[in-house]
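Me: I've got a structure here and some labels I don't quite follow. Can you walk me through what earns each one its name?

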Amino acid sequence: EPPITVRTLSEAIGHPSKDIMRILWNEGNMVTINDGLSEEAALEISLELGVELEIKRQETAKDRLTLSVESDEDPANLEHRPPIVTILGHVDHGKTSLLDKIRSANVTSGEAGGITQHIASYQVDHNGQKVTFVDTPGHAAFGEMRARGANITDIIVLVVAADDGVMPQTKECISHAKSSGAPIIVAMNKCDLPDADEQKVLQDLAANEILPAEWGGEIEVIRTSATTGEGIENLLETILVTAELHEYKADPKRDAVGVCLEAFLDEGRGVMSWLIVQRGTMRVGDVILCGETYGRVRAMYNDRNEEIQEAPPSTPIKVAGLEEVPSAGEFFFVMPEIEEARQIANDRRHADRAEVLSSRRKSLSLDDLLSA
Ligand code: GTP
Ligand code: MG
């Protein structure tokens with residue numbers, strides 16, 4: 001039986017148990033206060049509530065591992081960090097084009113033309129203020145992260161093409177955005193097109209509970225064109241104003257924690273993982289546990305593919321050194337000992353395999369029954 005329950009977690013992190021249960025209920029997991037939580041679930045729920053959790057392993061008399069839970073969040077160490085902005089919207093409405101435009105207008109000189117490689121996340125510096133963007137070209141990470149209840153997003157930019165209006169996927173994005181609770185900014189894109197219909201887009205939005213500020217609502221609708229660059233400056237300003245209102249903070253001194261956006265196997269360099277650091281500072285040489293895999297950070301690169309030695313909160317990084325390819329949406333944690341990271345990764349792999357095996361066995365016996 002897992003030794004962490006809703007109640008013990010609530011006591012450890014100083015959040016009401018109903019907040020913890022609400023997160024689980026939203027995932028369809030109808031727990032009660034005395035129900036057990038997996039170690040991973042406890043860590044993820046805590047992260048979502050903005051608390052770091054340290055799980056300590058102790059050998060008990062019965063020679064069984066038990067876990068005690070401790071929060072190590074120190075408000076005195078919190079510092080401002082760049083907002084993490086996720087771009088959502090219907091296919092082809094211009095998410096990637098907008099980001100390319102933002103980036104080419106805001107990366108340091110000399111580098112603007114040289115963007116060859118498409119990546120999921122990058123950071124721009126706008127008038128001395130950093131913003132971290134996450135593109136969602138239909139890649140699995142966003143859905144995965146939602147499924148895990150992990151939300152890295154501070155601000156959502158909803159892209160709606162002015163010639164197309166609110167489409168089915170836009171509606172899906174609106175419901176994701178609403179349930180995440182993050183502030184929403186609409187980029188009404190492709191405003192350069194002759195068949196752009198601003199009034200229709202505003203109506204569509206209002207009909208879907210996104211009431212534009214110009215109609216007395218709370219959502220800023222910024223007219224943009226990724227082709228001409230119109231509105232890009234305004235969009236960035238609106239993002240920065242929103243970020244200022246919310247004062248996003250993190251402790252840069254602690255061990256790094258964050259999320260894997262995507263990962264792949266590189267012929268020459270082994271497993272390469274795109275991560276976003278949420279809290280703490282990641283350093284070359286750190287040991288990381290990421291889902292069912294682990295490793296030591298051998299090399300680290302920023303979004304311009306430059307080698308870096310350390311990465312503070314909200315930084316997107318590419319990391320070499322994990323043993324296997326982690327899944328998108330998986331949390332990572334820096335750990336003190338590689339042996340412990342290896343152990344937990346192995347335990348998780350085996351737990352998963354046991355689950356798969358038992359579900360297979362179930363379906364087999366069902367088949368047996370049916371064919372009998
Ligand atoms: P997915 O990642 O496939 O969901 O699409 P996306 O939302 O990233 O759209 P993408 O940026 O790939 O743009 C789709 C098409 O629209 C491309 O052909 C772009 O050149 C075009 N496009 C994007 N923004 C604009 C714009 O502001 N004006 C015009 N005229 N075309 C645009
Ligand atoms: Mg795209």
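Reply: Sure, let's go through the labels one at a time, bearing in mind that this is a predicted model.

Me: Let's start with V6. What makes V6 count as buried?

Reply: Its relative accessible area is 0%. Buried means under 20%, so V6 qualifies. You'll find V6 in helix α1, residues 6-13. The C-alpha atom of V6 is 5.0 Å from that of I33, although the two are 27 residues apart along the chain.

Me: And K318, how do you know that it has no salt bridge?

Reply: Look at the nearest side chain of opposite charge, D266, which is 6.5 Å away. A salt bridge needs a side-chain nitrogen of Lys or Arg within 4 Å of a carboxyl oxygen of Asp or Glu, so K318 goes without one, and it's buried too. K318 sits in strand β20, residues 316-322.

Me: What is the contact between the side chains of K318 and N305 called?

Reply: That one is a polar contact, at 3.0 Å. The cut-off for a pair of N or O atoms is within 3.5 Å, so the distance fits.

Me: Why is the D204 and K200 pair called a salt bridge?

Reply: Their closest N and O atoms are 3.0 Å apart. The limit is within 4 Å, so the pair passes. Both belong to helix α7, residues 198-207, and because they are four residues apart there, about one helical turn separates them.

Me: Are D204 and K200 buried or partly exposed?

Reply: One of each! D204 has a relative accessible area of 18%, and buried is under 20%, so D204 is buried. K200 comes in at 36%; partly exposed runs between 20% and 50%, so that's the label for K200.

Me: What makes E214 and R223 a salt bridge?

Reply: Same sort of check: the closest N and O atoms are 2.9 Å apart, and the rule says within 4 Å, so they make the cut. E214 is partly exposed at 42%, while R223 counts as buried at 18%.

Me: How do you know that E324 and R349 form a salt bridge?

Reply: Their closest N and O atoms are 3.6 Å apart. That's still within 4 Å, so the name holds. E324 is in the loop between β20 and β21 (331-335) and R349 is in helix α9 (residues 338-371), so this pair ties together parts that are 25 residues apart in sequence. For exposure, E324 is partly exposed at 42%, and R349 is buried at 18%.

Me: How many salt bridges does the structure hold?

Reply: There are 13. K18, D19 and R22 are linked in a network of them.

Me: Now ligand 1. Which residues are closest to it?

Reply: K95, T96, S97, D192 and A226 are the closest, out of 16 that surround ligand 1. Helix α4 (residues 95-106) gives the most to this shell, with three residues. By class, the shell has four nonpolar, eight polar and four charged residues.

Me: What is 2.8 Å from a polar backbone atom of A226?

Reply: An oxygen atom of ligand 1. The cut-off for a polar contact is within 3.5 Å, so that distance is inside it. There's also a nitrogen atom of ligand 1 that is 2.9 Å from an N or O atom in the side chain of T227. Taken alone, ligand 1 exposes 650 Å², and the protein buries 70% of that.

Notes. Residues are numbered from 1 along each chain as its sequence is written. Chains are lettered from A and ligands numbered from 1 in the order in which they are written. This is a predicted model: local features need pLDDT of at least 70, side-chain atom pairs count only at pLDDT 80 or more; totals for chains, interfaces and linings use all residues. Side-chain values use heavy atoms; hydrogens and water are left out. Helices (H or I, at least four residues) and strands (E, at least two) are DSSP runs, numbered from the N terminus. Buried means under 20% relative accessible area, exposed over 50%, partly exposed in between (1.4 Å probe, protein chains only). Lys and Arg count as positive and Asp and Glu as negative; His and the chain ends are not counted. A polar contact is a pair of N or O atoms within 3.5 Å; within protein, one must be able to donate a hydrogen and the other to accept it, and residues adjacent in sequence count only if both atoms are side-chain atoms. A residue is near a molecule or strand if one of its heavy atoms lies within 4 Å of it. Accessible areas come from the Shrake-Rupley method with a 1.4 Å probe; for residues, only the protein chains shown count as cover. Ala, Val, Leu, Ile, Met, Phe, Trp, Tyr, Cys and Pro count as nonpolar, Asp, Glu, Lys and Arg as charged, and the others, Gly among them, as polar.
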